[in-house]
Each structure stands twice: as C-alpha cells, then as structure tokens.
Amino acid sequence: MNHIPHHHPGPDLLLAYAAGTLAEAPSLVVATHLALCPRCRAEVAGMEAIGGALLSDSSAATPVSTGLLADVLARLDGPPLAEAPRRRQVPPGHNPVLPEPLRSYIGGDVDTIRWRRTIPGLHECELSCSGGAVRMMRIRSGMGMPQHTHHGDEFTLVLQGGFTDGSGHYLRGDFASTDTSVDHRPIADDDGDCICLAFTDAPLRLTGRFMRWLNPFIRA
Ligand SMILES: [Zn+2]
C-alpha cells in the first residue's frame, strides 16, 4: 500500500501540469500520481514557486489589463467552491484504494465503480473528463492485455496490484507513459487484479496477430 513510486511523469508533463496548461483528462492522471508520489509533489511545488515569482516580476514591470489579471487570478484560485466535487467520508482505519482527487471524480472508492467487461479479463469504466479519454481498468490477475500501440499518448497509473511490460514492472503509484513508438503487451501480476487509471488522447490500435479484428470494438 505504501510503495514509493519508481516510475514518474516526465519533466515536460509536470511543467505543463504546474503551469495549468494540461487538459482535464491528463491532469487527473498526473494529479492522482502526485497524491501518491512525494518526489513529484516537491518538484511541482518548486515549479509553481518559480512560476509565481516570474508572474510577480513581470506584473511589476509591465502594466496588465484588468481582464488578464482576473483571468490569472481565476486560474490560481481554481474552481469556485460551489463547483468542487462532492467528497465521501472515509471510515477511520480504512485505507482507500483511490486517492483524491480521483475518489471525488468517481464519487467513492473502487467498490462504487460500475465496471463493464470489454474483453475477456478486462473490465473498464469510463470517466467523464474533457481533453481526452480517461478510464478505470481492472485487469484480471495474471492476464495479458492485447498487444497494442497508440496514435497518441497513453498514461497509465497503477492503483492496486501491478503489471509488467517491455519497459518495466509497475506497482501502486507508478506512472507509465507510452506513445506511438511503443508497441507493448502489459501483463497483470498474478497476486491479484490490477486496477489502473488510464488516459489516452487517441484510440488504441491493437497490433497482435489475432486481435486486429477487435479494433472496431474498442474505444479509447
Ligand atoms: Zn512521481
């Protein structure tokens, strides 16, 4: 449960997150990694401090329009409280599988997810986010996913169990980032189901010999 992540988002991704330029869908995956990773939390805090210092320097030197200032302040403040997602109380002594902010998106912990079987050994649940497709995935213990590559980026964050692919072994909190150059076949560890949060900015493309026919049935 207290695994310290070994696989992290790249610096460009953390910088885009810190600058607030990342869309909601990939931001959710990065923010959930940050909840489990002290190292990346410190890195993002450092980036935000530098960004804040630059912002105050430039605003002292150059007059800015009221509209721009209001826009910047709105970004710094985040969404108004009235729009904050509802939170469910976690009973004392119970360690949730899903950290915030993911738990609020789902409206509870893993036991509240409405899973849908997509292919044998894989259950999924799509989340409602702008800027790409985000879904929860539950891969049956010991199962291999179809071999696939991507038209765009894919970020996968492990929340329970683990999986292995050609690039390494991923456990709770580990962040796997793949792009069009990667053709991989993740295999879940055999000591329990693997639950992940996954973002894709373009549909997966199955590449295994017998899996191509499934492509039209799998959405990003
Ligand atoms: Zn990290």
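What geometry does the site of the zinc ion have, given the angles among its four donor atoms? In this predicted model, the site is tetrahedral, with angles of 97 to 121 degrees among the four donor atoms. The protein has 220 residues, of which 40% are buried, and its secondary structure comes to five helices and 11 strands. The points below take up the zinc site, the first helix, two groups of paired strands and the protein as a whole.

**Zinc site**
- The zinc ion is coordinated by two histidines and two cysteines, namely His 8 through ND1, His 33 through NE2, and Cys 37 and Cys 40 each through SG, at distances of 2.0 to 2.3 Å.
- Along the chain, the donors of the zinc ion follow the spacing H-x24-H-x3-C-x2-C.
- Of these donor residues, His 33 and Cys 37 are among those that are buried.
- A UniProt record, which is an unreviewed entry, lists residues 12-41 as "domain: Putative zinc-finger".
- In the model, the span of residues 12-41 is 83% helix and 0% strand, and the C-alpha atoms at its two ends lie 15 Å apart.

**Helix H1**
- Helix H1 covers residues 11-19, and its buried residues include Leu 13, Leu 14, Ala 16 and Ala 18.
- An α-helix has 3.6 residues a turn, so residues three or four places apart point the same way.
- Just after H1, the backbone at Gly 20 takes a positive phi of about 75 degrees.

**Strands S2, S3 and S10**
- Strand S3 (residues 133-139) is largely enclosed by the rest of the structure, because five of its seven residues are buried, that is, under 20% relative accessible area.
- Strand S2 (residues 122-127) pairs with S3 in the antiparallel sense over six bridges, and within this pairing Glu 126 stands opposite Arg 135 of S3.
- S2 and S3 form a hairpin with five residues between the two strands, and in its turn Gly 131 has a positive phi of about 85 degrees.
- S3 also pairs with strand S10 (residues 194-200), again in the antiparallel sense and over seven bridges, where Thr 200 in S10 is the bridge partner of Ala 133.

**The sheet S7-S6-S9**
- Strands of a sheet pair through backbone hydrogen bonds, either parallel or antiparallel.
- Three strands form an open sheet in the order S7-S6-S9, with antiparallel pairing.
- Strand S7 (168-171) and strand S9 (187-188) each have a single partner strand and stand at the edges, so one side of each is left without a neighbour in the sheet.
- Strand S6 (residues 162-165) pairs with S7 in the antiparallel sense over four bridges, and a hairpin joins the two strands through two residues.
- Among the bridge partners across S6 and S7, Phe 163 is matched with Tyr 170 and Gly 162 with Leu 171.
- S6 pairs with S9 in the antiparallel sense over two bridges, and here Phe 163 stands opposite Ala 188 of S9.
- Phe 163 therefore has a bridge partner in S7, Tyr 170, and a residue opposite it in S9, Ala 188, while the sheet order places S6 between these two strands.

**The protein as a whole**
- Among contacts between residues at least 6 apart in sequence, 64% join residues that are at least 24 apart.
- The protein exposes about 12300 Å², and carbon and sulfur atoms supply 56% of this area.

Conventions: Residues are numbered from 1 along each chain as its sequence is written. This is a predicted model: local features need pLDDT of at least 70, side-chain atom pairs count only at pLDDT 80 or more; totals for chains, interfaces and linings use all residues. Side-chain values use heavy atoms; hydrogens and water are left out. Buried means under 20% relative accessible area, exposed over 50%, partly exposed in between (1.4 Å probe, protein chains only). Donors are N, O and S atoms within 2.8 Å of the metal (3.2 Å for Na, K and Ca); water is not among the atoms, so sites may look incomplete. Four donors count as tetrahedral if all angles lie between 85 and 135 degrees; four count as square planar and six as octahedral if opposite donors are over 155 degrees apart and all others between 65 and 115; anything else is irregular. Contact means heavy atoms within 4.5 Å. Accessible areas come from the Shrake-Rupley method with a 1.4 Å probe; for residues, only the protein chains shown count as cover. UniProt positions are given in the numbering used here, feature names are shortened, and annotations may be inferred rather than shown by experiment. Two strands pair if DSSP finds at least two bridges between them.
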